[in-house]
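Thanks for asking for a second pair of eyes on this one. Here are my notes, in the order in which I would go through them with you.

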Amino acid sequence: MFSSFFSATDPTAANLHPVTNGVAPADLFGELVPEDLEWVCPGSFAAETHTWYHRLEDGSFLMCQVIYSAVGLYNPATKEHIWRSVNVGEFVSPAAGSNDKRTSKSDKFTINFKATEETYSITANPADDVQVSLEVSRVASVPGFKIGKGPKGGNTYFGPDVEKPEGYVFHKFWPSTTCKGTIVIKGKAISANGTGMFVHAIQGMRPNLVASRWNFAHFEGEDGKTSATMMEFTSTPGYGKKGDGSGGAVVNVGCVVKDGKLA
């Protein structure tokens, strides 16, 4: 209370600045540059993820995520749910022998990136009974994007001063991807061919301060050319349009792909 009393900052000033603020309609789909997908590896309480979501040809749902390492598979036909999440050691980015920070390596996985093909190559052994070998490529007709252009594109900022934020959140998307490869579960090989999306995300402050709620949805049409993605969070009470106590603001980003193109 005393710091607020003697501060020159208006205590009712906005301390949440959504990614959509001031973005012209023509700039909603900001072009991604290589740095947008590079590992930042922020310190403190920040969390960074690379996540690949796919619907496979047999109806299974596959998620590969690197926080450190997690792999999940769910088949709605058999109701079989397989989840393996492990702490990894020796994490580095870029991977040994590469200068590209879109690559990474640990004692449980290796992820390489082919820039000319815009393809991730993922090999992982998250558990003794699960092995993953997967290639994920961006669909050429659907560009990656962030909300807004330039180095600040994709960012929601926390705190009264955007130039010196208390924290930030960003999402950078490949809204349409294809995957091909194999997953071995308990000695049984499963074909991992399908369609989906990829997102690079950061919560650049303590997670309990970022959001009180998260919602994520991704829809894949049967034609392989139609999809929709939505990422949404609700701010905590401390961050909102009128400063501390005005939270509950909803920040929602996403896109629709129609006929193989961003709509």
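The points below cover confidence, one sheet and the salt bridges.

1. Please keep in mind that this is a predicted model. The protein chain has an average pLDDT of 91, and 94% of its residues score at least 70. Residues 1-6 are a stretch to set aside: pLDDT stays under 50 there, and the model gives them zero contacts beyond four places in sequence. Where pLDDT is low, the predicted coordinates should not be read in detail.

2. Next, have a look at the open sheet of four strands, ordered S16-S17-S18-S19 with antiparallel pairing. Its edges are strand S16 (211-220) and strand S19 (261-262), each of which pairs on one side only. Strand S17 (residues 227-235) is joined to S16 by nine bridges in the antiparallel sense. If you want a landmark in S17, take Phe 233, which stands opposite Trp 214.

3. Now to the charged side chains: how many salt bridges does a search of the whole structure find? The count is seven. In one of them, Lys 149 meets Asp 27 at 3.3 Å, N to O. Lys 149 sits in the loop between strand S11 (145-146) and strand S12 (155-158), while Asp 27 belongs to the loop between strand S1 (16-17) and strand S2 (30-31), so this pair ties together parts that are 122 residues apart in sequence. Lys 149 counts as exposed because its relative accessibility is 57%, whereas Asp 27, at 25%, counts as partly exposed.

4. Another salt bridge brings together the side chains of Glu 135 and Lys 114, at 3.0 Å from N to O. This pair links strand S10 (residues 130-138), home of Glu 135, with strand S8 (residues 109-114), home of Lys 114; the two residues are 21 apart. Both partners are partly exposed: Glu 135 has a relative accessible area of 23%, and Lys 114 comes out at 32%.

5. Strand S10 also contains Arg 138, which is 20 residues from Glu 118 in the loop between S8 and strand S9 (119-127). The side chains of Glu 118 and Arg 138 form a salt bridge of 2.4 Å, N to O. Is each partner buried or partly exposed? Glu 118 is partly exposed at 26% relative accessibility, but Arg 138 is buried because its 19% relative accessible area falls under the 20% cut-off.

6. Finally, do look at Asp 36, Lys 146 and Lys 172 as a group, since salt bridges with shared partners join them into one network.

Methods: Residues numbered from 1 in each chain as written. Predicted model: local features only at pLDDT ≥ 70, side-chain atom pairs only at ≥ 80, totals over all residues. Heavy atoms only, no water. pLDDT = per-residue confidence, 0-100. Contact = heavy atoms within 4.5 Å. Pairing = 2+ DSSP bridges. Salt bridge = Lys/Arg side-chain N within 4 Å of Asp/Glu carboxyl O. Buried < 20%, exposed > 50% of the residue type's maximum accessible area, 1.4 Å probe, protein only.
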